[in-house]
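Let's explore a protein model together, one question at a time. Have the picture ready, and try each question yourself before reading on.

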Amino acid sequence: MSRLFARRSSGRSVGDLDPDEVKPVVDDYAELFDGSVEERKDRYHSVVNHYYNLATDFYEFGWGRSFHFAPRRRGESFGDAILRHELFLAERLDLTSDMQVLDVGCGVGGPMANLARHTGASFVGINLNEYQIERAKRHTRDVQTQCRFIHGDYMQVPEGDESFDAAFNIEATPHAPDKTAVFREIFRVLRPGGKFAGYEWCLTDAFDSANAEHMRIKQRVMKGNGLPDISHTSEVSEALIEAGFELVEVRDLAPEADPETPWYRALQGRDLSLASVPRTPIGRALTNLALRIGEGLRIVPEGAREISSVLNAGADALVEGGETGVFTPMFYYLAIKPGGSDD
Ligand SMILES: C[S@@+](CC[C@H](N)C(=O)[O-])C[C@H]1O[C@@H](n2cnc3c(N)ncnc32)[C@H](O)[C@@H]1O
């Protein structure tokens with residue numbers, strides 16, 4: 001547990017907050033989810049920063065450095081599927097070593113490190129969460145000449161017009177308060193002919209807002225994952241077009257996984273290995289228990305177990321969303337800014 005809550009020099013992870021500061025942050029976060037969608041959208045900085053200040057260490061511990069899902073093929077390991085899912089975008093974007101690429105909401109830099117190693121391209125990662133940027137700098141040390149980070153908001157990218165050859169977004173814009181506005185901002189910083197690809201968290205055609213069970217799943221996915229709302233797949237396509245992009249490809253990749261290893265399997269614990277334990281219901285329950293003991297002994301801050309419970313409820317809701325088919329975290333799109341030399 002000490003690894004989870006190691007003190008660090010700067011940034012605001014759980015381990016960096018004073019023990020007394022954790023509980024108020026957890027409470028404020030919980031209150032935001034008792035409020036309206038509009039309130040969460042207005043306060044999206046707080047939603048995202050509270051969430052990732054609280055969750056980043058848990059994610060790195062239980063999931064790894066790439067904070068996203070992947071459709072798995074038969075016999076493929078979790079790690080191999082994660083890497084393949086990232087390289088799929090690199091191929092679709094035709095990334096080459098002479099390109100400047102924007103990583104929208106770059107997390108702790110796992111995908112950027114992999115893409116820098118495999119393509120030789122140069123990357124700029126933008127992230128609202130300062131603590132994650134610190135982690136990302138560590139995780140990209142071996143490719144640091146190709147990687148730069150901006151602590152900032154992807155709704156207002158502090159870079160000039162047409163400064164990137166390509167851009168990608170791996171499960172980062174589900175946090176955006178306005179999908180069209182964030183896509184418009186990416187459109188602005190891309191050169192004409194530049195491509196933008198990503199994976200979005202979406203409600204599918206199977207979702208029925210009149211179905212109380214579906215609405216309950218949606219609410220729990222939002223709260224457990226720091227989202228102001230969740231868009232339907234069609235809304236994401238429409239937002240890209242409204243922002244000025246031409247759509248080249250869109251599809252939900254979830255049905256393309258081997259039926260034995262759907263994207264949410266990593267959260268179910270059906271294929272236990274030592275490395276996978278922290279992701280599973282048993283591992284998550286054990287973490288929760290250890291935190292309860294740690295809170296009692298005052299070696300972890302009060303509120304840590306509540307964070308773990310919120311994340312666990314979010315993980316269970318994701319499994320339900322996957323099993324019922326009402327939700328996907330991998331609505332894939334490839335879009336292009338018109339006006340390139342090929343037009
Ligand atoms: C689910 S994580 C995905 C991270 C990364 N793309 C990956 O796949 O590992 C979402 C990321 O989006 C970032 N994010 C959310 N809202 C943001 C905003 N308004 N501006 C910049 N980054 C944001 C979060 O801080 C987090 O790093």
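A residue is called buried if 20 or more other C-beta atoms lie within 10 Å of its own, and exposed if 12 or fewer do. Keep in mind that this is a predicted model.

Q: What share of the residues of the chain score a pLDDT of at least 70?
A: A good place to start is the predictor's confidence in each residue, the pLDDT. The chain averages 86 on this score. Over residues 1-11, however, the pLDDT is below 50. The share that reaches at least 70 is 81%.

Q: How many helices and strands does the chain have, and what percentage of its residues count as buried?
A: The secondary structure comes to eleven helices and eight strands. The chain has 343 residues, and the part of them that counts as buried is 50%.

Q: Is helix H5 mostly covered or mostly uncovered, and how many of its residues are buried?
A: Helix H5 spans residues 110-119. Its buried residues are Gly-110, Pro-111, Met-112, Ala-113, Asn-114, Leu-115, Ala-116 and Thr-119. H5 is therefore mostly covered, since 20 or more C-beta neighbours make a residue buried, and the number of buried residues in H5 is eight of ten.

Q: Which elements cover the buried residues of H5?
A: Look around H5 in the picture for its covering. Two helices take part, H4 and H6 (130-139). Strands are included too, namely S1 (100-104), S2 (122-127), S3 (147-151) and S4 (164-170).

Q: Is H4 parallel, perpendicular or oblique to H5?
A: The axes of H4 (residues 78-92) and H5 come within 10 Å and cross at roughly 60°. Roughly parallel would need an angle under 35 degrees, and roughly perpendicular one of 65 to 115. The crossing angle therefore makes H4 to H5 oblique.

Q: Which residues of H5 meet H4?
A: On the H4 side, the contact is made by Leu-83, Glu-86, Leu-87 and Ala-90. By class, the contact of H4 with H5 has five nonpolar, three polar and one charged residues. The partners in H5 are Pro-111, Asn-114, Leu-115, His-118 and Thr-119.

Q: Which residues of H6 meet helix H3?
A: H3 (residues 44-62) and H6 pack at an angle of about 35°, with their axes 9 Å apart. From H3, the residues involved are Tyr-52, Asn-53 and Thr-56. Their partners in H6 are Tyr-131, Gln-132 and Arg-135.

Q: Is Asp-94 buried or exposed?
A: Asp-94 lies in the loop between H4 and S1, and its phi is near 55°, a positive value in a residue other than glycine. Around it, 11 other C-beta atoms lie within 10 Å. The cut-off is 12 or fewer, so Asp-94 is exposed.

Q: Where is Glu-162 found?
A: Glu-162 has a positive phi of about 55° although it is not a glycine. With 14 other C-beta atoms within 10 Å, Glu-162 is partly exposed. Its place is the loop between S3 and S4.

Q: How far apart in space are His-232 and Phe-327, C-alpha to C-alpha?
A: His-232 is found in strand S6 and counts as partly exposed, with 15 C-beta neighbours inside 10 Å. In sequence, His-232 and Phe-327 are 95 residues apart. In space, the C-alpha to C-alpha distance is 8.9 Å.

Terms used
Residues are numbered from 1 along each chain as its sequence is written. This is a predicted model: local features need pLDDT of at least 70, side-chain atom pairs count only at pLDDT 80 or more; totals for chains, interfaces and linings use all residues. Axes are lines fitted to C-alpha atoms, for helices over the stretch in contact, and angles run from 0 to 180 degrees between N-to-C directions. Helices (H or I, at least four residues) and strands (E, at least two) are DSSP runs, numbered from the N terminus. Angles under 35 degrees count as roughly parallel, over 145 as roughly antiparallel, 65 to 115 as roughly perpendicular and the rest as oblique. Two residues are in contact if their C-beta atoms, placed from the backbone, lie within 7 Å. Ala, Val, Leu, Ile, Met, Phe, Trp, Tyr, Cys and Pro count as nonpolar, Asp, Glu, Lys and Arg as charged, and the others, Gly among them, as polar. pLDDT is the predictor's confidence in each residue, from 0 to 100.
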